[in-house]
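User: Please take a close look at the salt bridges in this model. I would like to know which side chains pair, where the partners lie along the chain and how far each partner is buried or exposed.

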Amino acid sequence: MPLFFRKKKPSDDARKRLEYQMCLAKEAGADDVLDISKCELSEVPYGAFATCKVLQKKVLIIHTNNLTSLVPKSCSLLSLITVKVLDLHDNQLASLPADIGQLTALQVLNLERNLLKCLPQSIGDLAQLQMLNVKGNKLKELPTTVSGLRSLRTLDISGNMLQELPRVLAHIRTLETLILDASSMTYPPPDICSAGTESIQQFLCKECGIAYYPPSQYLLPVLESDGGGTSVDGVDRAVHKYLEEESEWQNKFLDYEKRKEKKMQEKLEFEQRLNMGQREHALLVQQMNSQKDEILQTMREDQLRLEEGLTKHQRCLEEERLKLLQQLKQAEQGIASRIQKLLEDNQRQKQSSDILKSLENERIRMEQLMAITQEETEQLRRREVASAMQQMLAESYKQKLIQMTYESRRQDLVSQACSSLAEMDQKFQQILSWQQLDQNKAVGRILQEIEMQKAAFEALQVKKDLMHRQIRNQIKLIETELLQLTQLELKRQELDTETLQGVITEQRQALGYLLQQLLKEKKQREEELRQILLEMEAKSEAKQENYWLIQYQRLLNQKPLSLKLQEEGLERQLVNLLIELSAEQYVPVFAHHQLSLQALSTMTAGDLEKVRDGRSTAQDESGCAETEPALALGSRAHVCLASSCAGIQHECSGTAAFPVSPPLSLPQTQMIFLPCGHVCCCQSCCERLHACPLCRQDVTQRIRIFHSG
């Protein structure tokens, strides 16, 4: 509690009320009452004491304020010598003045709901006091001087901490009403306290050894002295009226006790009837329990049958679950072995020096390519090379056109559903017809435009480059494994199992890191090829005609390094035999299958037809190397796209429905999130995501996958 605090100032309304009541009390002809209640006072103002002294007020009402003391320092209690009624209830008084006994004319003292802990000894000097109300305080005992209250008729000590009454209370012969908490009293006993004021007084008189007489024999002198002195006093009449009302309330209380006894009698009769009804109800309950037992028995039998069936069904489900887990485990082991093999192959490629040798040989070969001989100029097949260039550019343009068409079709599918599919197909067919019409014109333009020849050569160079092809194949293999790992992880989440989850996470992170490294190597290799192209352009002769056509024809006629090595290992006699038979076009086929003269002598016509059918595979080795991973991945990617997008559909705030699958002529698309490596989203959904929907890891890079349908 702070030592210093600022007193709370009364409000404007309270201050105005105080001023009005003070003025009203000072007016001529005013009654003997000074009412300054509900004025938010922390102490009694000096003017109130002066008014009571000068005008001889007999009723002072100061209830419902914030008083902590009755008499301020600058005032004297003798100023209230004429006051007969003092109302101080609902304040914060902790004590009364020690000289309270100086108010000899006081007849009514109301101290209800304060903080009083004790009463002063001088309280017994109030010989005219008829009503004392100390209800709702913190009193623990009454002073023995209360025996001096010879005119006290009503005493209310309820709501305090009193447990004993002083014996001297028996000397107050005029006490008619004593209100207390009978249950908390120890002296007199609670049963006597509950019996009423007369029983309490009889008990105390017996304890003191004096005879008990009813208060009516002692009230007449008190009333005569009170009435003779102030017979025309309005305040005394009010007090007398209050005492009469108290007696009326006492009579009403007695009537209430009688009615209470009558109600108790009726309650006993009702309880008897209730017991009869309860016995009848018990019989009915017993009958119902017997019927209930029979029903429960039948229900138990049904429950047992249901549990047996449910157990069998759960056993079947558990067996199916174990089989599925075994299949998942086998798939995980296969994926782990392929990933380990892929990592080992990548490590061996990094450690081997063959790459450096191949780069050096390629450098020498590119230097040789830059020197164009007269013989190659004469043997230039202009029309064939131009057609090949046109086909290369057409393929690149067609791929870009397919992608653009797919994007536009997908957006139309989201907004217009199936209504615009026919229009899209018509546009696509129109574009293809335009492309067919412009094909012959493109061949002629390629023969004239050097930039287009250069672009065709650049595209073929990237396609024929061995290192670039190896990097592309590895990237596609890693994309395939990441897609399978994501599907496996989703299946495990559906089964609520976490077996080998850490192993899958490590494998996926390793593949993601390897994919980032391969993308960097692919970009670096493309930069090297562009640098070679710039060097070739710088070293080309200014007046050299058909320079890029000759380079394109040379690159087109060049065989893959693996096929050259196989042809060099072919028996020379077998090569001469094929040349004599005008079948030199089958040399790559024999080299691819590593056939010899001895094996050829044992082969039948059917075997030769099988070898001939595999001719396209041997000649298009580079094309197969690129298409195998895509073909292996396409069927799985087609199934995964719709399920993975639907799994994170709550992450996207776009359209309400996604197309199940685009037409087969368009590529399926998915997005890889790096560094986590999850493949779980389509392109339109991933644009709004900044974290992976499966692992909640931040996305630093998005890689788009195209799978041919």
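The answer below takes the salt bridges pair by pair and then turns to one packed pair of helices.

Analyst: The model is a predicted one, and the structure holds 10 salt bridges. Three of these pairs are described here, beginning with Arg 113 and Asp 90.

The side chains of Arg 113 and Asp 90 form a salt bridge with an N to O distance of 2.6 Å. Arg 113 sits in the loop between strand E4 (108-110) and strand E5 (131-133), while Asp 90 sits in the loop between strand E3 (85-87) and E4, so the pair ties together parts that are 23 residues apart in sequence. Arg 113 has a relative accessible area of 40% and is partly exposed. Asp 90, at 24% relative accessibility, also counts as partly exposed, because the buried class is reserved for values under 20%. The pair does not stand alone: salt bridges with shared partners join Asp 90, Glu 112 and Arg 113 into one network.

A further salt bridge brings together the side chains of Glu 207 and Arg 167, at 3.6 Å from N to O. Glu 207 belongs to helix H4 (residues 197-208) and Arg 167 to the loop between strand E6 (154-156) and strand E7 (177-179), so that distant parts of the chain, 40 residues apart, are linked. Glu 207 is partly exposed at a relative accessible area of 33%, and Arg 167 is partly exposed at 45%.

The third pair joins two helices. The side chains of Glu 481 and Arg 338 meet in a salt bridge of 2.9 Å, N to O. Glu 481 lies in helix H12 (residues 466-495) and Arg 338 in helix H6 (residues 234-351), and this pair links parts of the chain 143 residues apart. Glu 481, at 8% relative accessibility, counts as buried, whereas Arg 338 is partly exposed with a relative accessible area of 39%.

Helix packing is seen in H1 and H2. Helix H1 (residues 12-26) packs with helix H2 (residues 46-55) at an angle of about 10°, and their axes are 11 Å apart. Since angles under 35 degrees count as roughly parallel, H1 and H2 are therefore roughly parallel to each other. H1 passes H2 in a left-handed crossing. From H1 the contact draws on Met 22, Ala 25 and Lys 26, and from H2 on Gly 47, Ala 48, Thr 51 and Leu 55. Sorted by class, this contact of H1 with H2 has 4 nonpolar, 2 polar and 1 charged residues.

Note on methods: Residues are numbered from 1 along each chain as its sequence is written. This is a predicted model: local features need pLDDT of at least 70, side-chain atom pairs count only at pLDDT 80 or more; totals for chains, interfaces and linings use all residues. Side-chain values use heavy atoms; hydrogens and water are left out. Axes are lines fitted to C-alpha atoms, for helices over the stretch in contact, and angles run from 0 to 180 degrees between N-to-C directions. Helices (H or I, at least four residues) and strands (E, at least two) are DSSP runs, numbered from the N terminus. Angles under 35 degrees count as roughly parallel, over 145 as roughly antiparallel, 65 to 115 as roughly perpendicular and the rest as oblique. A crossing is left-handed if the near helix is turned anticlockwise from the far one by less than a right angle, and right-handed if clockwise. Contact means heavy atoms within 4.5 Å. Ala, Val, Leu, Ile, Met, Phe, Trp, Tyr, Cys and Pro count as nonpolar, Asp, Glu, Lys and Arg as charged, and the others, Gly among them, as polar. A salt bridge is a side-chain nitrogen of Lys or Arg within 4 Å of a carboxyl oxygen of Asp or Glu. Buried means under 20% relative accessible area, exposed over 50%, partly exposed in between (1.4 Å probe, protein chains only).
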